[in-house]
Each structure stands twice: as structure tokens, then as C-alpha cells.
Amino acid sequence: MGRTYPIHEIEQLTKGEGEVIWADGCLAILKALLESGVAYVGGYPGAPVSNLTDAFLDAEERVLKPMGIFVANNVNESAAAAMLRFSVNAPLRGAVAWKVVGTNVAADALAHVCSSGVQGGVVIFVGEDYAASSTLVVQKTLPYGYNFGAPVLDPKADLNHVAHLTRLAFELSETCNMPVLFLVRTRVGNMKGWLQVKNNQPPKFNLHNRLTELQRTPDRFPIPPFTQQQEREKWHERVPLAKNFIRQNDINERYDNGGRKGIIVQGLLFNAVMRALMRLGEAEIRQKELVATHAQIVGVTENNFPTLQSPVPNPQSLSFGIPLLSLHALFPLVEDELAEFLDGKDEVFVVEEGEPALLEREIRAIAQQIGWRGRIVRNEFLPTTGELTTDIVTDGLTKFLRNSATFFSVPRPPSRVPSVDLPVVPRFPNFCTGCPERPAVLTALKIFRDLHPDAKFEVVLDIGCYIMGIYYLRDLVSPVTGMGTCLASSLASSFLSQERTIYIVGDGTFWAQALTTSISNALYHKQDCVVLILENFWTAMTGHQPNPSTKTGEHAGNLDIEAALKGMGAKWIKVVNPYEVGEVVRSLEEAWEHSEIGPRFLIVRGECMLERSRRERREREQLRNAGKRVAEARFGVDPLVCVGDHSCLHYNNCPSLSVRPSPNPLKRDMIVQAEQTCVACGLCGSVAHAAKLCPSFYRIEWVQNPSLWERLQFKLRRWLIGL
């Protein structure tokens, strides 16, 4: 998920040399970008770099535009990667961000940029979350570094190190003329702490002082015969230059006081290894400022920031009882550094997360090339898949160091959480209260299936909030094949099986890739399918970033889904209100009948309830402060009417509906009640009519600053009912 940065945090980005700010990992990256003279930024949101996209957008008007920095809210990762071509033709720095699987979408454009090589520094911040389960499939970025020949950096969980490595990443990119892949892991992007900053550097050419002419040289075109020349440059010139830069700038950190055993650890896992070694008495922090936490300096004010003498830890800041090499440049590996570390050691433990274990394999290859006769271990002490937590790393190091002369074991600190053996009740993710996608994805489809039990169809869910429907429609849902491609995955089955396809896609995914991949493919082949387009005006799943359907901002109204579909030749298009479930079901039935005309498009238009609630809350507050009438609606359930059959729960699944004992002793079944979280979307009443449920739902209005007539009505009603 993303976040909204408050104004006081955004204003910290203007601070300069020697000052200290409080930031999370993504805001620290943005500050380092400003200090590096970046000219343009962009990307596509996704965990865990949604915060970085939000930081770009939240800081655009207050900080970035005044500095002349261009901000792009790209429609997908491929567009973001293609934008980096500007740095091929101009000596200007750029940065983009996307999540790990977004590299798949960007791969084609990125391969061409990497072949041409860049003049200005380019850094790509990839949301790496191998074992954090914040994206659909498990994947690593490092193989792409090998494929493209692009350096891959992996910082440790320390804000000052993240900012320092970001600044170095641009220098590395310009030294080797290659984009740099910078891993932003979940714990890096979301951690918070103090950051010592430097002065911002406005780009030489910017929105206020535009570049007069782009540099064009034919040998930079990634087409034959130039591609073979570029390939030779990449591996014989650019990669060696990257290795020299990595070594000269000490990007990889070495802690080696001698010993027959050693540890080689990748990037972020340095923190887990350090904590594990501290538990085992094999590590000590000498620089106490490094362990300062917000709790320890909670009394710090704007005029009394802490002074960090060494924002970037050096080998003298930490002491290890066993030699350790921390690799923050995962590709390319520097052979000389590894040879020096391996020299004199009998056994080395590689701490690498997940498969494929490219680091371990390359370290083994380098060791063989230099004739090292020691032993490299990993699988014997660590699992090869899943997250490497501090406890797992501690257990692995305990086994590895058991025969070490300097090793002594200490008991693991007791957990603060009491151990209680209680059954864990499985809970599925659910749509937010009032979400306009619930009635279309769950309610309408359930009612449609109940009304037409003989209808054979598969539900194809694309990437977005609505994919949570898989937990409630499991017997109907087909597997996901990637963002914007899911309808295309059902093309063969539409012609070779008796089941029809109902395809569900949101407006963010529609513009990102579904329009040009799935929908154009379906129209071209006249695929027999019904397409539900959920237009909620925001890219909601990643934190409510704007997309081409958003109705606010300077780009509002530039693109229209209905017009785009008509322009592509769609013959049946209808727009419905998602909260009118009966209308949605009738439209589905109508679309189901027109199987001979190809794809039928049902646009379910309703703003994301979270964004709508935020906007309306601000509007109500303004009216309330002005002394004007404010009315808030709520739904409730009459306990005397509810019979406890729970049909509303089956069709609705709203989080604001729960159950409680009936006040009627003759009714043994639990009855339904509406919680205070209800936003009065009207779905309950609509479902009751569409599914012919009981009429136990009622609607009330809470009025503030009522009119004189409303006050008189209220008093009269209380008098009539005897209150």
C-alpha cells in the first residue's frame, strides 16, 4: 500500500547540508535524488515502492516543480522504462520506480536502453520483496541484472546508507554508462529514522531551462550492426568500469580481522546477520549513534536535532569476531575483493536469500578460477526458499560456528509475546466497507449464478483490489497470468470449451496494459466474453495513486474508457451504478444474450469509497465549521424484523455487518447488526431487493446544524412517540 505524506514531512526535503530529517526509506531516497541533481522521475506503483511514487506526487507542487524536476505518473512499467531513453540522448539524470514483477513488463524497453547505454545517470528503484508476500508471485531482480548487464545494488536497512548508496548509484551509472537497479526491500522502504542530509542540486537543464538540442549518434541505435558493437562495449568496457568503481568507492563493506572461517552476506541480510552475531557474542557496535532509535530521542525538536558524526558507518564502527564481507553490489561481483577475502580461509558461509542462488554460484566460480581450495557452504545451514529471519540466521550461524575457536553460545532472548497454543482461524482479505467493487465482483455474480444455475462460465480476474474475489468465488475463478493479460489467457478456451468468460478489470489495469493486450486481442478475434470494467477513478490497490481515469488534478478528463472502447469498434457498451445491484444483474443478463457480437463491455462506475470518504469528510468539516447543515447517513438492521437467515452476509460480505444474539428469546439464530463503520453506500438495501431478501435494513440520517424546520419536526416526533 501507499501513503500520503503530510506537508511537514514534504517540506523537510528543502533542508540542506548538516541538517537532520525524520523520514521513511522512500522519503530518504527522494531526498538523495534531489541531492544528486535528478532531472526527471516517474514509475508505476507497487509494493514496496508505492511510497516512493506517493512521495514523487506529494512533493511535485511544493518541491519538485520549483526545482524544475519533471514528474511522470506513467501508465505502466514499460512506459517508465522507455522514458529513460532521454538519458541516452542527454546528460541528465533520471530515476523511476516499480515493483519486482514490474520488471517483467519493463524488460523489453529496458533491454534496449541497456544496449544503447546512457549518458546521464539512471537509477531504477525496484520493490524487491522476495519473501515478504506483498506481491502475487515470488521473483528476484538479480537475474535481470545478469541479463541486461546492469549493476544491481542492495542497501542495508540504514537510512543514511540508503541515501549514500543512492548518490553513488548515479555516479556508478555515469561511470559505466548503464542503468543501475537499486533494490528497495520491504524493510528498507517502510523503515523510519533520522537522516543527515546534504544540499539539493537543481538539474542543469529543467522545466525552467530546457535543453536546446538532443544528442543523436547512429551507433547508439540498438539495431544491427550496432547491437554487436554495443554488446562488446557492455561486457568488455562498461562492466569492468563498474567493477573498478565498486572497489574504489568501497560499496561492498569488509570486516576482516583474520580467521579461518568467514561469512559473505548480501545487502539487506547484513542486518539480520549482525543481530544474529550480536546474540552469539560475535559482533559489537562501537559507534553508539548507530543504534539510536526514535524512542531514545523522542524529545528532539526542530531546533534540537541530533548530530550524527558519521552518517555512513565505516568498518571501524562495527566489530566482528568472525570475518565478514557485506555485498551491496550484487552484480557485478569484484573478483579481486572476493579473492582477498577468501585468502587464508578454510570455510566460507554464503548468506543469500532464495533461488536461484546466483551469488553462491558466482562465488564458487570465482573461487575455482583463483584456485582457492576451501569450502563454500549455504544449503547445509539455511533454507533455500522463504524469508531469512533473524532466528533462522541465528540457528544457521550457530551450526556453522560451532567448531570455531572464538565461538561461544548465549541463550536466545525470551520472546516478549507469551506463547499460547490457540487455534488460528483463517481470515481472507476483504473489500473495504462500501467498496464499489464488492457489489459487482461478489454480489452481482453470486445473484447471477443463483438466477442462472445452468449458465457455464469462468470468472477471469485481473490484477487489482478485485482479485480478492478469488477467495469467495473459488469454484468459478481461473488462474492469473499477469497484469493486463488475463482476458487474453482465456482466448483459446472461449473457442474450444463451452464455458464463456466474464472478465473483471479495474481502470488502472485497463490503462496500464489490458486495453492494448487483452481487450484489443478480444475485439480482433471477436471473443465471446463479458468484460466488467470497474472504474473507481484511482489505482486503489497500491495506495490510491491517480491514473488516466482520475477526475481530479491537472490531467483530469484527458482520457475516457467509454470513448476508447467505441474508438476500437466495441459494439455493446453500457455504464451502470455498482450500488444498484439489480441493474448490474439485469445488464449482465442482457450482455449474456448477445454472444454473437464479440466482447460486451459493462462499465461499473463508482468512486473508490476510501477516497470518496476522505473528500466528503473534508467537505463536511468545512460546512460544519461554517455553521451550515451537514447530514451523514447510516444503515441499520431492525432486530425485530431480522430472521437470522444471514442471506445478506452471503451476498454482501461487508465488513460493517456482524452478528449478535437476538433480543427475541424465541429466535435462536444469531441476527445481523450494522457496525459504526457503515458508510451508507446503500448496498444492503439494493441487495435485499435484487436477491429478494428480508426488508430488515433501514436508513437514518445524522444531521448537524439542522434547520429550524428540522428542529421542529424532531421535537414533534419525540412528542408523538412519547419520548
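User: How do strand 6 and strand 14 pair, parallel or antiparallel?
Analyst: Strand 6 (residues 152–153) and strand 14 pair in the antiparallel sense, over 2 bridges. Pairing here requires at least two DSSP bridges between two strands. Strands are DSSP runs of E, at least two residues, and helices are runs of H or I, at least four, all numbered from the N terminus. This is a predicted model: local features need pLDDT of at least 70, side-chain atom pairs count only at pLDDT 80 or more, and totals for chains, interfaces and linings use all residues. Residues are numbered from 1 along each chain as its sequence is written, and side-chain values use heavy atoms, with hydrogens and water left out.

User: What stands opposite L153?
Analyst: A329, in strand 14.

User: Which sheet has strand 14 in it?
Analyst: An open sheet of 7 strands, order 3-2-4-5-7-6-14, with mixed pairing. Strand 3 (70–71) and strand 14 (329–331) are the edge strands, and each pairs on one side only.

User: And the sheet with strand 9, what order does it have?
Analyst: That open sheet has 5 strands, in the order 9-13-10-15-16, and its pairing is mixed. Strand 9 (253–255) and strand 16 (375–377) each have a single partner strand, so one side of each lacks a neighbour in the sheet. From one strand to the next, the twist averages 15 degrees. Angles run from 0 to 180 degrees between N-to-C directions, with axes fitted to C-alpha atoms, for helices over the stretch in contact.

User: How many bridges join strand 9 and strand 13?
Analyst: 3, in the antiparallel sense. R254 has L325 of strand 13 as its bridge partner.

User: Which strands does helix 13 lie across?
Analyst: Helix 13 (residues 335–342) lies across strand 9, strand 10 (261–266), strand 13 and strand 15 (347–351). It runs at about 150 degrees to strand 10.

User: Switching to strand 17. How many of its residues are buried?
Analyst: 5 of 5 in strand 17 (residues 457–461). Buried means under 20% relative accessible area, exposed over 50%, partly exposed in between, using a 1.4 Å probe and protein chains only. F457, V459 and L461 are on one side, E458 and V460 on the other. In a regular strand, side chains alternate between the two faces of the sheet.

User: What does strand 17 pair with?
Analyst: Strand 18 (residues 500–506), parallel, over 5 bridges. E458 stands opposite T501 there.

User: Where is S656?
Analyst: In the loop between helix 22 (647–652) and strand 23 (657–660). S656 counts as buried because its relative accessibility is 3%. Leaving out residues up to four places away in sequence, S656 touches T433, Q673, A674, E675, T677 and C678. Contact means heavy atoms within 4.5 Å.

User: Which residues touch the most other members in the largest nonpolar core?
Analyst: L30, L33 and F125, in a core of 103 residues. A nonpolar core is a set of buried Ala, Val, Leu, Ile, Met, Phe, Trp, Tyr and Cys residues joined through side-chain atoms within 4.5 Å. Helix 9 (residues 159–176) supplies the largest share, 9 residues. A second, separate core of 60 residues includes C435, Y466, L534 and A591.

User: What radius of gyration does the protein chain have?
Analyst: 29 Å, which agrees with the value near 27 Å for a compact globule of 723 residues. That rule is 2.2 Å times the number of residues to the power 0.38, and the radius is taken over C-alpha atoms. The C-alpha trace spans about 90 × 65 × 55 Å along its principal axes.
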